[in-house]
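User: I should like to learn how to read the features of a structural model. Please take me through them step by step.

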Amino acid sequence: MSKRKYTHIQVLLPEIQAMIARGKSHREIEEFFGLTGDRPIHNLLKRERRKENAGIASRLKGRPRKDAAPRDLVAEQAYEIDRLKRENKLLRDFLQLTGRK
């Protein structure tokens, strides 16, 4: 069994980017440097893009939660007060119609 060969691929990043700019494919670059594994060039470039975009807030996936929206407490309280006033008026009218008050 041969020992696992590890390459510090981060050191090769400037050369890899230059080769990509010249139009080389990921596979050609892997063969040139003797890299093995599951798409090492692709994964390196993906990590670098993620580092560049670290300052940008990522959008969440999926449907937003119901309570995720910012709440306006004053508007909610005003709506609740108005709803309760309408409910009281409705109940008073109902009691008057039934002749109980």
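User: How many helices and strands does the secondary structure of the protein chain contain?

Analyst: This is a predicted model. The protein chain has four helices and zero strands, and from the N terminus the elements follow the order α-α-α-α.

User: What percentage of the residues of the protein chain count as buried?

Analyst: Of its 101 residues, 14% are counted as buried. The chain exposes about 9,900 Å², of which carbon and sulfur atoms supply 54%.

User: Which residues of helix H3 are buried, and where on the helix do they fall?

Analyst: Helix H3 covers residues 40–52 and reaches 19 Å from its first C-alpha to its last, close to the 18 Å expected. Its buried residues are Pro40, Ile41, Leu44, Leu45 and Glu48. Viewed down the axis of H3, these residues fall within an arc of 130°, so they line one face of the helix. Their cover includes helix H1 (13–21) and helix H2 (26–33).

User: How many aromatic pairs does the structure hold, and how is such a pair described?

Analyst: In general, the distance of the ring centres and the angle of the planes describe a pair of aromatic rings. This structure holds one aromatic pair. The ring centres of Phe32 and Phe33 are 5.0 Å apart and their planes stand at 85°, so the pair is edge-to-face; the cut-off for that class is over 60 degrees.

User: Is each partner buried or exposed?

Analyst: Phe32 counts as exposed because its relative accessibility is 57%, whereas Phe33 is buried because its relative accessible area is 18%. The cut-offs are over 50% for exposed and under 20% for buried.

User: How many salt bridges does the structure hold?

Analyst: As a general idea, side chains of opposite charge can pair when their charged atoms come close. The structure holds five salt bridges. One of them joins Lys51 to Glu48, with the closest N and O atoms 3.5 Å apart. Both residues lie in helix H3, three residues apart, about one turn of the helix. Glu48 counts as buried because its relative accessibility is 13%.

User: Which residues form salt bridges within helix H4?

Analyst: Among them are Asp82 and Arg86, whose closest N and O atoms are 3.4 Å apart; both lie in helix H4 (residues 73–98), four residues apart. Arg83 also forms a salt bridge with Glu87, at 3.2 Å between the closest N and O atoms, and these two residues likewise lie in helix H4, four residues apart. Salt bridges that share partners join Glu80, Arg83 and Glu87 into one network.

Key
Residues are numbered from 1 along each chain as its sequence is written. This is a predicted model: local features need pLDDT of at least 70, side-chain atom pairs count only at pLDDT 80 or more; totals for chains, interfaces and linings use all residues. Side-chain values use heavy atoms; hydrogens and water are left out. Buried means under 20% relative accessible area, exposed over 50%, partly exposed in between (1.4 Å probe, protein chains only). Accessible areas come from the Shrake-Rupley method with a 1.4 Å probe; for residues, only the protein chains shown count as cover. The expected span of a helix is 1.5 Å times one less than its number of residues. The arc is that of the directions from the helix axis to the C-beta atoms. Contact means heavy atoms within 4.5 Å. Rings of Phe, Tyr and Trp (its six-membered ring) pair if their centres lie within 6.5 Å; planes under 30 degrees apart count as stacked, over 60 as edge-to-face and the rest as tilted. A salt bridge is a side-chain nitrogen of Lys or Arg within 4 Å of a carboxyl oxygen of Asp or Glu.
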